[in-house]
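Colleague: I am new to reading protein structures. Could we go through one together, question by question?

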Amino acid sequence: MSVLIDSPIWPGPRGWSFAHLVSDSSYAELHDFARTLGVPERAFDRDHYDVPEHLHTRALELGAEHVSGRELVARLRASGLRRPRRRDRGTAGRGGDGAVRGV
(Lines give C-alpha, C1' and ligand atoms only; values in the text may rest on other atoms or scores of the structure.)
Protein backbone atom coordinates (compact mmCIF):
# COMPACT_ATOMS: atom_id res chain seq x y z
CA MET A 1 0.00 0.00 0.00
CA SER A 2 1.49 3.27 -1.10
CA VAL A 3 0.48 6.79 -1.81
CA LEU A 4 2.58 8.08 -4.68
CA ILE A 5 3.36 11.61 -5.83
CA ASP A 6 5.27 12.82 -8.87
CA SER A 7 7.10 16.12 -9.30
CA PRO A 8 5.07 19.35 -9.49
CA ILE A 9 5.70 20.14 -13.16
CA TRP A 10 2.17 20.49 -14.52
CA PRO A 11 1.03 24.11 -15.02
CA GLY A 12 -2.18 25.16 -13.37
CA PRO A 13 -4.17 28.08 -12.01
CA ARG A 14 -2.54 30.99 -10.20
CA GLY A 15 0.75 30.26 -11.95
CA TRP A 16 1.34 27.26 -9.67
CA SER A 17 2.77 23.95 -10.78
CA PHE A 18 0.96 20.77 -9.79
CA ALA A 19 1.91 17.18 -8.97
CA HIS A 20 -0.29 14.10 -9.15
CA LEU A 21 -1.17 12.11 -6.04
CA VAL A 22 -2.40 8.50 -6.37
CA SER A 23 -2.76 5.33 -4.33
CA ASP A 24 -1.72 1.96 -5.67
CA SER A 25 -4.08 0.16 -3.29
CA SER A 26 -7.42 1.99 -2.89
CA TYR A 27 -9.35 5.17 -3.45
CA ALA A 28 -10.19 5.20 0.27
CA GLU A 29 -6.47 5.42 1.10
CA LEU A 30 -6.04 8.18 -1.47
CA HIS A 31 -9.00 10.24 -0.23
CA ASP A 32 -7.91 9.87 3.41
CA PHE A 33 -4.38 10.97 2.58
CA ALA A 34 -5.57 13.95 0.53
CA ARG A 35 -7.87 15.04 3.35
CA THR A 36 -4.98 14.84 5.85
CA LEU A 37 -2.79 16.80 3.43
CA GLY A 38 -5.46 19.49 3.11
CA VAL A 39 -6.20 19.00 -0.57
CA PRO A 40 -9.84 19.84 -1.37
CA GLU A 41 -12.13 17.20 -2.89
CA ARG A 42 -12.51 19.33 -6.01
CA ALA A 43 -8.85 18.55 -6.82
CA PHE A 44 -9.78 14.88 -7.42
CA ASP A 45 -9.82 13.97 -11.11
CA ARG A 46 -10.85 10.43 -12.14
CA ASP A 47 -8.08 8.56 -10.31
CA HIS A 48 -5.73 11.17 -8.86
CA TYR A 49 -5.51 14.45 -7.02
CA ASP A 50 -3.85 17.52 -8.48
CA VAL A 51 -1.60 18.78 -5.68
CA PRO A 52 -0.18 22.32 -5.75
CA GLU A 53 3.58 22.65 -5.48
CA HIS A 54 3.41 24.25 -2.03
CA LEU A 55 1.98 20.99 -0.59
CA HIS A 56 4.51 18.65 -2.25
CA THR A 57 7.04 18.63 0.61
CA ARG A 58 4.27 18.12 3.17
CA ALA A 59 2.99 15.12 1.19
CA LEU A 60 6.45 13.56 1.41
CA GLU A 61 6.60 14.30 5.14
CA LEU A 62 3.25 12.51 5.58
CA GLY A 63 4.64 9.43 3.84
CA ALA A 64 3.93 9.78 0.13
CA GLU A 65 6.52 8.08 -2.04
CA HIS A 66 8.10 10.34 -4.67
CA VAL A 67 8.17 8.65 -8.08
CA SER A 68 8.52 9.74 -11.68
CA GLY A 69 5.37 10.46 -13.64
CA ARG A 70 6.02 7.36 -15.74
CA GLU A 71 6.30 5.13 -12.66
CA LEU A 72 3.20 6.72 -11.11
CA VAL A 73 1.11 5.83 -14.16
CA ALA A 74 2.62 2.32 -14.43
CA ARG A 75 1.86 1.54 -10.79
CA LEU A 76 -1.62 3.05 -11.03
CA ARG A 77 -2.38 0.86 -14.06
CA ALA A 78 -0.91 -2.23 -12.38
CA SER A 79 -3.14 -1.63 -9.34
CA GLY A 80 -6.28 -1.67 -11.49
CA LEU A 81 -7.26 1.80 -10.24
CA ARG A 82 -6.48 3.68 -13.47
CA ARG A 83 -9.55 5.37 -14.94
CA PRO A 84 -8.94 6.35 -18.56
CA ARG A 85 -9.79 9.80 -19.80
CA ARG A 86 -13.19 10.12 -21.43
CA ARG A 87 -12.85 11.27 -25.02
CA ASP A 88 -16.29 12.90 -25.24
CA ARG A 89 -15.78 15.76 -22.79
CA GLY A 90 -15.50 18.33 -25.55
CA THR A 91 -12.43 20.19 -24.28
CA ALA A 92 -8.91 19.21 -25.21
CA GLY A 93 -6.54 18.81 -22.29
CA ARG A 94 -9.07 19.80 -19.63
CA GLY A 95 -12.31 18.31 -18.42
CA GLY A 96 -14.08 21.65 -18.24
CA ASP A 97 -13.54 21.85 -14.49
CA GLY A 98 -10.11 23.49 -14.61
CA ALA A 99 -8.31 20.37 -13.40
CA VAL A 100 -4.81 19.81 -14.70
CA ARG A 101 -4.50 16.91 -17.14
CA GLY A 102 -1.31 15.00 -17.48
CA VAL A 103 -1.77 11.67 -15.81
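Colleague: Where does Pro-84 lie, and is Pro-84 buried or exposed?
Modeller: A word first: this is a predicted model. Pro-84 sits in the segment after α3, a helix of residues 69-79. Exposed means over 50% relative accessible area. Pro-84 has a relative accessibility of 63%, so Pro-84 counts as exposed.

Colleague: How far apart in space are Pro-84 and Asp-47?
Modeller: Along the sequence, 37 residues separate Pro-84 and Asp-47. The distance in space is taken from C-alpha to C-alpha. That distance is 8.6 Å.

Colleague: Let us step back. In what order do the elements run from the N terminus on?
Modeller: Start with the count: the protein has 3 helices and 6 strands. Now read from the N terminus on. The order is β-β-β-α-β-β-α-β-α.

Colleague: What share of the residues is buried?
Modeller: A residue is buried when its relative accessible area is under 20%. The protein has 103 residues. The buried share of them is 39%.

Colleague: Take strand β3. How many of its residues are buried?
Modeller: Strand β3 covers residues 17-23. The strand is mostly covered. Of its 7 residues, the number buried is 6.

Colleague: Is His-20 buried or exposed?
Modeller: His-20 is found in β3. The cut-off for buried is under 20% relative accessible area. His-20 has 1%, so His-20 is buried.

Colleague: Which side chain has a polar contact of 3.3 Å with the side chain of His-20?
Modeller: We look for the partner of His-20, a residue of β3. The contact joins two side chains at 3.3 Å. The partner is Trp-10.

Colleague: Which residue of β3 stands opposite Trp-10?
Modeller: Strand β2 spans residues 10-11, and 2 bridges join β2 to β3. These two strands run antiparallel. Opposite Trp-10 stands Phe-18.

Colleague: Which residue in the hairpin of β2 and β3 takes a positive phi?
Modeller: This hairpin has 5 residues between its strands. The phi we want is near 65°. The residue is Arg-14.

Colleague: What is the bridge partner of Val-3 in β3?
Modeller: Strand β1, residues 3-5, is joined to β3 by 3 bridges. The two strands run antiparallel. The partner of Val-3 is Ser-23.

Colleague: Which residue in β5 stands opposite Phe-18?
Modeller: β3 also pairs with β5. The pairing is antiparallel and runs over 4 bridges. Opposite Phe-18 stands Pro-52.

Colleague: On to charges. How close are the N and O atoms of the salt bridge between Asp-32 and Arg-35?
Modeller: A search of the whole structure finds 7 salt bridges. Asp-32 and Arg-35 both lie in helix α1, 3 residues apart, about one turn of the helix. Asp-32 is partly exposed at 42%, while Arg-35 is exposed at 54%. Their closest N and O atoms are apart by 2.6 Å.

Colleague: How many residues apart in sequence are the parts that the pair of Arg-82 and Asp-47 ties together?
Modeller: Arg-82 forms a salt bridge with Asp-47, with closest N and O atoms 3.0 Å apart. Arg-82 lies in the segment after α3, and Asp-47 in the loop between β4 and β5, so the pair ties together parts whose separation in sequence is 35 residues.

Colleague: Of Arg-82 and Asp-47, which is buried?
Modeller: Buried means under 20% relative accessible area. Arg-82 has 21%, so Arg-82 counts as partly exposed. With just 1%, the buried residue is Asp-47.

Colleague: Which residues does the network with Glu-65 and Arg-75 join?
Modeller: Glu-65 forms a salt bridge with Arg-75, the closest N and O atoms being 3.1 Å apart. Glu-65 lies in strand β6 and Arg-75 in helix α3, so the pair ties together parts 10 residues apart in sequence. Salt bridges that share partners build one network, and its members are Asp-24, Glu-65, Glu-71 and Arg-75.

Colleague: Last one. What share of the exposed area do carbon and sulfur atoms supply?
Modeller: The protein exposes about 5,800 Å². Carbon and sulfur atoms supply part of that area. Their share is 50%.

Note on methods
Residues are numbered from 1 along each chain as its sequence is written. This is a predicted model: local features need pLDDT of at least 70, side-chain atom pairs count only at pLDDT 80 or more; totals for chains, interfaces and linings use all residues. Side-chain values use heavy atoms; hydrogens and water are left out. Buried means under 20% relative accessible area, exposed over 50%, partly exposed in between (1.4 Å probe, protein chains only). A polar contact is a pair of N or O atoms within 3.5 Å; within protein, one must be able to donate a hydrogen and the other to accept it, and residues adjacent in sequence count only if both atoms are side-chain atoms. A salt bridge is a side-chain nitrogen of Lys or Arg within 4 Å of a carboxyl oxygen of Asp or Glu. Two strands pair if DSSP finds at least two bridges between them. Accessible areas come from the Shrake-Rupley method with a 1.4 Å probe; for residues, only the protein chains shown count as cover.
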